[in-house]
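Got a model to poke at? Let's go through it by asking and answering.

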Amino acid sequence: MKKPPVRNRAKAPPKNAPKKIQKVPVAILISGRGSNMRALIEACARLDYPAEIVLVLSNRPDAPGLQVAENAGLKTLVIDHKPFGTDREAHEREVDAALQASGAMLVVLAGYMRVLTPWLVKAWEDRMLNIHPSLLPAFPGLHTHEAALKAGAKEHGCTVHLVTSGVDEGPILGQASVPVLETDTPETLAARVLEQEHLLYPDVLEMICDVFAK
Ligand code: GRF
């Protein structure tokens, strides 16, 4: 008997189509607008990018980044630090419980405006990344663009590093720099650095996930 014609047969993917790969589950912590998170969301949408975002967690209920994450269909959670008062560790124990429950293997701080206690740092040792808007070790802390201008720096930029208990002190995983222009204000400089942040963070996360996947 003649075989019926096969319909809807799956076509072989084009030769240079990106391969679907095993992705490393990643959680992102934010406190604000979440533009770095957005850059990571866009990177993670690529089939051949080695990370998937399993949770976006904010300590601020009004963080605009939450809406960005929700619009992208991601799981979001708010754990407000305010009800915990000065008990930072109690807040972080809840944060940690949510991170563990999400299945995340890596935690990415993207504008998370809390200084972490040694307890949480230890819990995620070597598995927590941060982005900082300066070429560390220059200008740790806040107001880095003002500080770079005030110091007469010729070059400025951003750094992705592992989180350790010293603020902005962990091992450096990647940096990107921009020239400081004579006409720069903190705002124009911040905008140029931010463009670099959006390129650097996905690149470094990719590199780290490749190491993790091995
Ligand atoms: C970025 O400049 C980042 O380097 C710093 O906080 C800012 C967060 O911005 N840690 P966004 O929320 O990612 O837009």
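Here are some questions and answers on the sheet, the core and the ligand shell.

This is a predicted model, where local features need pLDDT of at least 70, side-chain atom pairs count only at pLDDT 80 or more, and totals for chains, interfaces and linings use all residues. Residues are numbered from 1 along each chain as its sequence is written.

Q: In what order do the seven strands sit in the open sheet?
A: Strands are DSSP E runs of at least two residues, helices are H or I runs of at least four, and both are numbered from the N terminus. Two strands pair if DSSP finds at least two bridges between them. The edge strands, S3 (76–78) and S7 (172–179), each pair on one side only. The pairing is mixed, and the order reads S3-S2-S1-S4-S5-S6-S7.

Q: Which residue in S5 stands opposite Val108?
A: S4 (residues 106–109) and S5 run parallel, joined by three bridges. Val108 also touches Val26, Ile28, Leu40 and Leu205, among others, with contact meaning C-beta atoms, placed from the backbone, within 7 Å. Opposite Val108 in S5 is Leu129.

Q: Which residues are closest to the ligand?
A: A residue counts as near if its C-beta atom, placed from the backbone, lies within 6 Å. Helix H1 (35–44), strand S5 (128–132) and helix H6 (186–213) each supply at least two residues of the shell. Of the 14 residues around the ligand, the closest are Arg33, Ser35, Asn36, Gly111 and Pro133.

How values were computed
Two residues are in contact if their C-beta atoms, placed from the backbone, lie within 7 Å. Lists of a residue's contacts leave out its neighbours within four places in sequence.
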